[in-house]
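Here's a quick briefing on two local features, one a bit of enclosed space and the other a small set of paired strands. Have the structure open while you read.

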Amino acid sequence: MTQLPPDNGMAAHSDFSSSWLALREPADHHARDAQPLGETCRHWLMSQPRQGALRFLDLGCGSGNNLRYLAPRLPPHQHWVMMDQDPALLAHVRDNGPRCHDHIDELQCLQRDLSDLARALPDDLLAKTTMVTASALLDLVSEPWLETLIHRCASHRCAIWLAMSINGDNALIDHDPHDSDRQLAAMDQKVQQWISLHQQRDKGFNGALGTTAPGVARSLLEKSGYHVTITQAPWQLDCRDQDQAHLAQSLVQGWLEAALEQAPDQREPLMDWHARRQQHIAQGRVEITVGHTDLFAVAGFPETS
């Protein structure tokens, strides 16, 4: 599912702009490079007997961020099925995907409504799939939806890689030693509480897991017999860097919009908080951490009761 500003799960729906997706991609890739799941997945894939290409299914692929990250890091001879509801973003993938790395033998784009898994993921598609993957999707879906996905994948013994799921471990660090404002710091905390609640608003999947997504996913995967590896992949935005400051500005703008929807009676203090934090970002005096969790899971045997 394509992503929205300012961070996964802020809007009342799950349509996200290509400009936001492009803005977050370097931060996503940098965060993922700092953890070992790429090597873990690559070694697992190389250990598996196979005939023909590795077949990957990317759910909610957006403009192809996950494809561009994984293709050069996984073994060659890859067949990708890219699935999203947005035809414009799929067109971007179709036009640019095959050129993104020579490990890709074939790329197929499918426009599907992922809220209806039975229609989106027929058995014959999953039966051919080596690994189902998604980036920044998990926190948007409901527990029943995720349970269905995992059950379907387990029945075909597909590996699963769920990347860049928000976990609520956010922080805004102000490095100005001369401006210790307790009210501003308290508002930082309130904003995080409001956006956490906002992230659990329905995004079209009959509920949204929000920051609980990684823990729920791990439990469901292990219950279905998966062996799960979990790593953390936080954004760490240093606003002295122009590109990272640009992402931080969009992120904080989105936090404001989410907080206003969650607490409309707090408009005046929120607008003041927003103006001051945007100024601090422009001055390069703050760092922002946004917590994300990645899960890589390979099929084993389900738990017995």
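The notes below start with the cavity and then turn to the sheet. Keep in mind that this is a predicted model. A search of the whole structure turns up 2 cavities of 30 Å³ or more, and the second largest of them is the one described here.

**The second largest cavity**

- Its volume comes out at about 30 Å³.
- Seen from the inside, the second largest cavity is lined by R55, F56, H79, V81, L125, K128 and T129.
- Two elements, β1 (54-59) and β2 (78-84), each give two or more residues to that lining.
- Sorted by class, the lining of the second largest cavity is a mix: 3 residues are nonpolar, 2 are polar and 2 are charged.

**The three-stranded sheet**

- Over in another stretch of the sequence, 3 strands form an open sheet in the order β6-β9-β8, and the pairing is antiparallel.
- β6 (171-174) and β8 (235-238) are the edge strands, so named because each pairs on one side only.
- From one strand to the next, the twist averages 15°.

**Around β8 and β9**

- β8 and β9 (residues 286-290) run antiparallel and are joined by 4 bridges.
- If you want a spot to zoom in on, try W235, whose bridge partner in β9 is V290.
- Helix α10 (residues 242-262) packs on this sheet and touches both β8 and β9.
- The direction of α10 makes about 110° with that of β8.

How values were computed:
Residues are numbered from 1 along each chain as its sequence is written. This is a predicted model: local features need pLDDT of at least 70, side-chain atom pairs count only at pLDDT 80 or more; totals for chains, interfaces and linings use all residues. Side-chain values use heavy atoms; hydrogens and water are left out. On a 1 Å grid over the protein atoms alone, a cavity is a set of points where a 1.4 Å probe fits but cannot get out, and a pocket is an open set with protein on both sides within 12 Å along at least five of seven lines; lining residues have an atom within 4 Å of a point. Grid points are joined across faces, edges and corners, and a volume is the space filled by probe spheres set on the points. Ala, Val, Leu, Ile, Met, Phe, Trp, Tyr, Cys and Pro count as nonpolar, Asp, Glu, Lys and Arg as charged, and the others, Gly among them, as polar. Two strands pair if DSSP finds at least two bridges between them. Axes are lines fitted to C-alpha atoms, for helices over the stretch in contact, and angles run from 0 to 180 degrees between N-to-C directions. Contact means heavy atoms within 4.5 Å.
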